[in-house]
Amino acid sequence: EGEDPVFTYGDREVILYNLAVGATHKELPYVYENDQEFQVVPTFGHLPTFNSVKSQMSFSKLLRNFNPMLLLHGEHYIKIEKWPVPTEGSIKTSYQPLAITQKKTNTIVVHGSKSVDSNTGETVFSNEATFFIRNCEGDTKQYAERKSFAVAQFNAPKSDAEFTQDIKISEDQAALYRLTGDRNPLHIDPAFAAGAKFDRPILHGMCTYGLCAKVLLDKYGPFNEIKARFTGIVFPGETLRVYAWKQGDTVIFQAHVVERKTIAINNAAIKLISDKAKI
Ligand code: HDC
């Protein structure tokens, strides 16, 4: 537990985030602050938790033999509590461990957070971040309730996806994405990546997540919940293939890495805001 410094943002942070998750200069609502429809891809809602130094690691005191180099982002759930997502604001975030599960030599930590408007006290975002930490030890314990969408299982149907889109990830994607807040060296420093047992720096899980979220937003319209599991790593320069299946107000999705025929995101879905959905 504990509180963060206030995270203050405006159009600069919004445009940088949109660019880092695939927006282009042709999409004015994402890149031009004077556009009538100026908006941020809603997965921005996790950024207050990454623009933190103090509390982001508040779970680490519950672990033994914790090495941040061996931490991977395992799953992430975001709830947009205030719609539309404000394109400027001052946000204060508090943290709470939700669960720790020991799986053989790995520890899975679920870390929850609540972000409020620091002026009004109104809740704007909540997040549940799951970290998969290799060679670590923790005591299995449930600390608090989790949101139902966060723990739901979203299996991709056997049928062909109704929506498929390829996303070419730039070789420089992680270098750009870092500037939104997560400066983990794993995504830029070859020596650190080697220490984490990767051939080269890997892409931020939340970048892959945001890239998927943007194409789903463009296709289906606004959503206020999103959950995904990171089932495989992604390297900058690879191609993602997003598959989606709409089921009522829920869209189940997956993201594959075309070049290596792996699945990077599975067990994933967005919850559409029904009266604003495009389809
Ligand atoms: O799935 C494997 C993998 O490599 N996934 C990709 C991970 C990844 O690329 N993440 C994004 C990049 S890392 C990142 O972005 C870091 C970022 O900078 C975060 C900074 C935050 C800093 C703030 C705090 C310090 C892997 C390795 C995760 C798991 O693979 P396996 O070891 O083969 O696991 P498996 O045998 O399939 O399953 C073992 C048990 O673990 C559960 N599990 C598996 N994958 C999980 C997961 N739980 C949560 N999330 C996942 N992704 C399984 O359910 C299984 O449990 P059980 O035995 O009960 O079935």
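How many residues surround the ligand, and which are the closest? In this predicted model, the shell around the ligand comprises 25 residues, and the closest are Gly74, Lys103, Asp182, His187 and Phe230.

Three of these side chains make polar approaches to the ligand. An N or O atom in the side chain of Lys103 lies 2.4 Å from an oxygen atom of the ligand. For the side chain of Asp182, the corresponding distance from an N or O atom to a ligand oxygen is 2.7 Å, and a polar side-chain atom of His187 is 2.8 Å from an oxygen atom of the ligand. On its own the ligand has 1200 Å² of accessible area, of which the protein covers 70%.

The ligand sits in the largest pocket. Two or more residues of the shell around the ligand come from each of β3, β6 and β10 (223-230), with β3 giving the largest share, 5 residues. By class, this shell holds 12 nonpolar, 9 polar and 4 charged residues.

The pocket itself has a volume of about 1000 Å³. Its lining consists of 49 residues, and Leu72, His73, Gly74, Thr130 and Phe131 lie nearest its centre. Strand β3 (residues 71-80) provides the largest share of this lining, 5 residues. The lining of the pocket divides into 26 nonpolar, 16 polar and 7 charged residues.

A search of the whole structure also finds 1 cavity of 30 Å³ or more, which holds about 100 Å³ of space. Among the residues lining the cavity are His76, His111, Asn127 and Phe131. Elements giving two or more residues to that lining are α3 (47-50), β5 (106-117) and β6 (123-133). The cavity lining has 4 nonpolar, 7 polar and no charged residues.

Note on methods: Residues numbered from 1 in each chain as written. Predicted model: local features only at pLDDT ≥ 70, side-chain atom pairs only at ≥ 80, totals over all residues. Heavy atoms only, no water. 1 Å grid on protein atoms, 1.4 Å probe; cavity = no way out; pocket = protein on both sides within 12 Å on 5 of 7 lines; lining within 4 Å. Points joined across faces, edges and corners; volume = space filled by probe spheres on them. Helix = DSSP H or I, 4+ residues; strand = E, 2+ residues; numbered from the N terminus. Nonpolar A, V, L, I, M, F, W, Y, C, P; charged D, E, K, R; others polar. Near = heavy atom within 4 Å. Polar contact = N/O pair within 3.5 Å; in protein donor to acceptor, adjacent residues only side chain to side chain. Areas by Shrake-Rupley, 256 points an atom, 1.4 Å probe, with all protein chains shown as cover. Sits in = over half its atoms within 2 Å of the grid points.
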